[in-house]
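Trainee: Please choose one part of this model and take me through it closely, together with whatever surrounds it. I would like the criteria behind each term as you go.

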Amino acid sequence: MLGDIPTETCEMTGIAYVAKNLKDGSTYIKSVVASDEDDKTLASLKLQHKTKDISVLYIASLQIPNVPPFCMTGQEVIDRISDDEDRKTFKKYLNHVKKVNVFFPIGLNYAVGGIYIHDLKVNRNGYRKGALTSFKVLTSFENKNKKLDRLYVSVYSDQRIAERTAGTMMMEKHFLLAGLGSVGSNLCYFLNGYNNATFTLTDRDWLTVDNIGRHLLGFEFIGQHKSYAVAHYLQQYRPDRKVQARLKNLQELKEEEINKACAIFVSTGDIMSEKWLLSQMTEGNIRKPAFILWLEPYGISGIMIYVNPEDEESVKRLREKANNSFMNYCLIKREEYEDGEKLTKHDAGCNGSYSLYSANDVSMFLSSMFPIIDKLLEQPLESKCYRWVGNTNIAMEKGVNLVSSLGLSKNTLQELPV
């Protein structure tokens, strides 16, 4: 049920999730969602899921039994409709459509009960065709003592989801994520936990077989653009959630679109995007805080730079450090990156390169950083760099030199000034 539960008898538009689980391949109604015809959430559900339009009759005056599960025969349903006009409407509707989904209040503001009336045999031996109506058959013959199929419909709305999770609607947050690779896509999993979040996702790349080992998404999304695929993932959770997908680099977005976000997350691995963002902050064009995240090869460390545009001097310093690809914050020594074959891999016939680290490294990195992100979203502080210590043992095995090996312990966090 979408939106408010009606208080009077009425016909409503509805959709049914359809499942093909029967051996003969036929379909049956798995669950029912009823709504006003113009409801935007209903349109989203129909777009994202395989659905079927059905008609629904809501009878407000139907009095339920005192004890659940509210099983009733056809005669009991009729006897429990207290309003004469509602009873006439029910009779007329049943005789007209033959199969009826009937909803009624059960004393809850987040759910309604229902019954499904079907397979009423109006053509019977000994009776002329047309002599029996569906209404008559419902209370006679084998149906006299037969319990009707029950329906139960839950309210789907932002408020209901909030009540069943955090207990209240959180403050609205709009996130802009540039880069939907291994780090950016999995970050969406964490940000999805805010019950009042909206998203703008931007990435020009598409998902390949090589990506799924550490990406949020799996095999079924191969060949799709990452921004649209992750948007689909988020809307599978909440069909009415506002998610915009863009096939652009960060610097191709309009300033007003960027400034609509409460926070910007950049995990493109593209230093040009990061330089552009910092330059725009320096010039005062972008006024929202940003988080720049990446993992070092082998998951040796993970870096998150928090940039507060109100801290103008730090933005200028970070813009200068971007010229050196933020090497000051890496745990791996600068000279190691000069040996490209040591830290990156290439596929035959491919011009691109990639760093080795696992999906587990991504999860551990983001799990360590998200409490900090959550705190900074609520209370912005001065700009700072946070470094997660990862697989330093691999550095020793591979002969990768680190800037420091003192006091390093896996899954610890270091704070570095900017």
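Mentor: What follows is a close look at strand 11, and then a few words on the rest of the protein.

The model is predicted, so local features need a pLDDT of at least 70 and side-chain atom pairs count only at pLDDT 80 or more, whereas totals for chains, interfaces and linings use all residues. Residues are numbered from 1 along each chain as its sequence is written, and side-chain values use heavy atoms, with hydrogens and water left out.

The protein has 13 helices and 16 strands, where helices (H or I, at least four residues) and strands (E, at least two) are DSSP runs numbered from the N terminus. Strand 11 covers residues 290–295, and 6 of its 6 residues are buried, buried meaning under 20% relative accessible area, exposed over 50% and partly exposed in between, with a 1.4 Å probe and protein chains only. In a regular strand the side chains alternate between the two faces of the sheet. Here Ala290, Ile292 and Trp294 point one way, while Phe291, Leu293 and Leu295 point the other way, and all are buried.

Two strands count as paired if DSSP finds at least two bridges between them, and strand 11 has partners of both senses. With strand 10 (residues 263–266) the pairing is parallel, over 3 bridges, and Ala290 stands opposite Ile264 there. With strand 12 (residues 301–307) the pairing is antiparallel, over 6 bridges, and the bridge partner of Ala290 in strand 12 is Val307. The parallel pair is also part of a right-handed β-α-β unit, made by strand 10, helix 9 (residues 271–282) and strand 11; right-handed means that, with the strands pointing away from the viewer, the path from the first strand over the helix to the second runs clockwise. On the antiparallel side, the hairpin of strands 11 and 12 has 5 residues between the strands, and Tyr298 takes a positive phi near 65° in this hairpin. Most residues other than glycine have a negative phi, and most peptide bonds are trans.

The nonpolar cores can be read from the strand as well, a core being a set of buried Ala, Val, Leu, Ile, Met, Phe, Trp, Tyr and Cys residues joined through side-chain atoms within 4.5 Å. The largest core has 41 residues, and Phe291 is among those with the most contacts inside it, along with Phe175, Leu201 and Phe265. Helix 12 (residues 359–378) supplies the largest share of this core, 9 residues. A second, separate core of 28 residues includes Ala290 and Trp294, together with Leu253 and Val315. Leaving aside neighbours within four places in sequence, Phe291 is in contact (heavy atoms within 4.5 Å) with residues including Ala263, Phe265, Val266, Met304, Tyr306, Ile373 and Leu377.

Two residues elsewhere also have a positive phi without being glycine. Phe326, with a phi of about 55°, is found in the loop between helix 10 (312–322) and helix 11 (340–343) and is buried, with a relative accessible area of 1%. Asn411, with a phi near 70°, lies in the loop between helix 13 (392–398) and strand 16 (413–416) and is partly exposed, at 35% relative accessibility.

For the protein as a whole, buried residues make up 47% of the 418 residues. Among contacts between residues at least 6 apart in sequence, 66% join residues at least 24 apart.
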